[in-house]
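Reader: I'm happier with gels than with ribbons. Could you walk me through how to read a structure like this one?

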Amino acid sequence: GINSAQADGCPIESPKGLDLYIASTRPGAVGGPTDPNDIWRFHRDSIDAPWGEAEHLPPLVNSAAADFCPTPLSGKRLYVVSSRPGYCGAGDIFRTREHPTMGWLAPENLGCQATGTGPNFAGGEFSPSVVETDAGTLLFFSSPGADGGTDQDIYVSSMGLDGNFGPATMVGELNTAANDQMPNVSRD
């Protein structure tokens with residue numbers, strides 16, 4: 001009941017296992033037929049229940065550009081990658097959350113590496129993976145980095161006391177001369 005005839009990808013379950021988020025090219029995209037893909041969600045009432053119908057997330061979360069790599073976190077928080085124009089580059093990491101009374105809040109861009117305000121490079125980022133550790137909250141993702149090439153490497157950014165992520169650094173021990181992309185860090 002999840003797969004469609006269109007391209008469906010990037011499946012990630014919410015921490016409690018009751019929601020599944022995907023990126024898909026199914027009909028109804030915010031940007032119409034030329035929109036590369038949008039974020040969709042499936043819900044189930046219990047861990048043993050079947051998944052319900054696909055729910056297309058609203059235009060605040062989805063845009064007319066490519067929206068992909070959804071990463072749900074506790075507290076109804078959601079990180080996504082979007083290529084909406086006017087930010088740092090080809091595909092930036094944004095965060096939003098579903099408010100209990102106001103619905104989905106407008107996505108916030110995490111800031112640009114070039115200006116020192118955040119982790120997003122000019123090239124496209126993929127698969128934001130947030131993990132809370134004793135050393136603080138870390139954001140892992142892949143990107144072509146500062147060179148803007150097509151070869152992806154794994155990067156990490158630390159969350160500051162103000163709740164914002166700073167510039168990212170390459171995680172040398174995880175990268176090779178090949179394409180290293182789309183990390184998914186386990187909760188432990």
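Reader: Let's start with strands 11 and 12. Which way do they run relative to each other, parallel or antiparallel?

Author: The general idea is that strands of a sheet pair through backbone hydrogen bonds, in either a parallel or an antiparallel sense. Keep in mind that this is a predicted model. Here, strand 11 (residues 136-143) and strand 12 (residues 153-158) run antiparallel, joined by 6 bridges. You can follow the pairing residue by residue: L139 has S157 as its bridge partner in strand 12, and S142 has I154.

Reader: What does strand 11 do on the side of strand 10?

Author: Strand 10 and strand 11 also pair in the antiparallel sense, over 6 bridges. The two make a hairpin, with 2 residues between them. One bridge to look for there is E132 with T137 of strand 11.

Reader: So what is the order of the strands in the sheet?

Author: It goes 10-11-12-13, which makes 4 strands in an open sheet with antiparallel pairing. At the edges you'll find strand 10 (126-133) and strand 13 (169-170), each of which pairs on one side only.

Reader: How many residues of strand 11 are buried?

Author: In strand 11, 7 of the 8 residues are buried, so the strand is largely enclosed by the rest of the structure. As background, side chains in a regular strand alternate between the two faces of the sheet.

Reader: Is there another hairpin I could practise on?

Author: Try strand 1 and strand 2, which pair in the antiparallel sense over 4 bridges. I12 has Y21 of strand 2 as its bridge partner. This hairpin has 5 residues between its strands, and G17 in the turn has a positive phi of about 75°.

Reader: I'd like to zoom in on one residue of strand 2. What surrounds S24?

Author: S24 lies in strand 2 (residues 19-24). With 1% relative accessibility, S24 counts as buried. Beyond its neighbours within four places in sequence, S24 is in contact with S4, Q6, A7, D8, N37, D38 and W40.

Reader: Which polar groups does the side chain of S24 reach?

Author: There are two to look at. The S24 side chain reaches the backbone oxygen of A7 at 3.4 Å, and it makes a polar contact with the side chain of R26 at 3.0 Å.

Reader: Now cysteines, since I always worry about those. How many disulfides does the structure hold?

Author: The way to spot one is to look for cysteine sulfurs within 2.5 Å of each other. This structure holds 1 disulfide, and it joins C88 to C112, with S to S at 1.8 Å. The torsion about that S-S bond is about -85°, so the disulfide is left-handed.

Reader: Where do C88 and C112 sit in the fold?

Author: Both are in loops. C88 is in the loop between strand 6 (77-82) and strand 7 (92-99), while C112 is in the loop between strand 9 (108-109) and strand 10, so the pair ties together parts that are 24 residues apart in sequence.

Reader: And are those two buried or exposed?

Author: C88 is buried, with a relative accessible area of 15%. C112 is buried too, at 18%.

Reader: What about C10 and C69?

Author: C10 is in no disulfide, and its nearest cysteine sulfur, belonging to C69, is 4.0 Å away. Going the other way, C69 is in no disulfide either, and its nearest cysteine sulfur is that of C10. As for accessibility, C10 counts as partly exposed at 24%, whereas C69 is buried, with a relative accessible area of 3%.

Reader: Last one: pockets. What is the volume of the largest pocket, and which residues are closest to its centre?

Author: Read a pocket by its volume first and then by what lines it. The largest pocket has a volume of about 480 Å³. It is lined by 24 residues, and those closest to the centre are T71, L73, V130, N184 and V185.

Reader: Which elements supply that lining?

Author: Strand 1 (8-13), strand 5 (67-73) and strand 10 are the elements that give two or more residues to it. Strand 10 gives the most to the lining, with 6 residues. You've met strand 10 already: it is one of the edge strands of the open sheet.

Methods. Residues numbered from 1 in each chain as written. Predicted model: local features only at pLDDT ≥ 70, side-chain atom pairs only at ≥ 80, totals over all residues. Heavy atoms only, no water. Pairing = 2+ DSSP bridges. Buried < 20%, exposed > 50% of the residue type's maximum accessible area, 1.4 Å probe, protein only. Polar contact = N/O pair within 3.5 Å; in protein donor to acceptor, adjacent residues only side chain to side chain. Contact = heavy atoms within 4.5 Å. 1 Å grid on protein atoms, 1.4 Å probe; cavity = no way out; pocket = protein on both sides within 12 Å on 5 of 7 lines; lining within 4 Å. Points joined across faces, edges and corners; volume = space filled by probe spheres on them.
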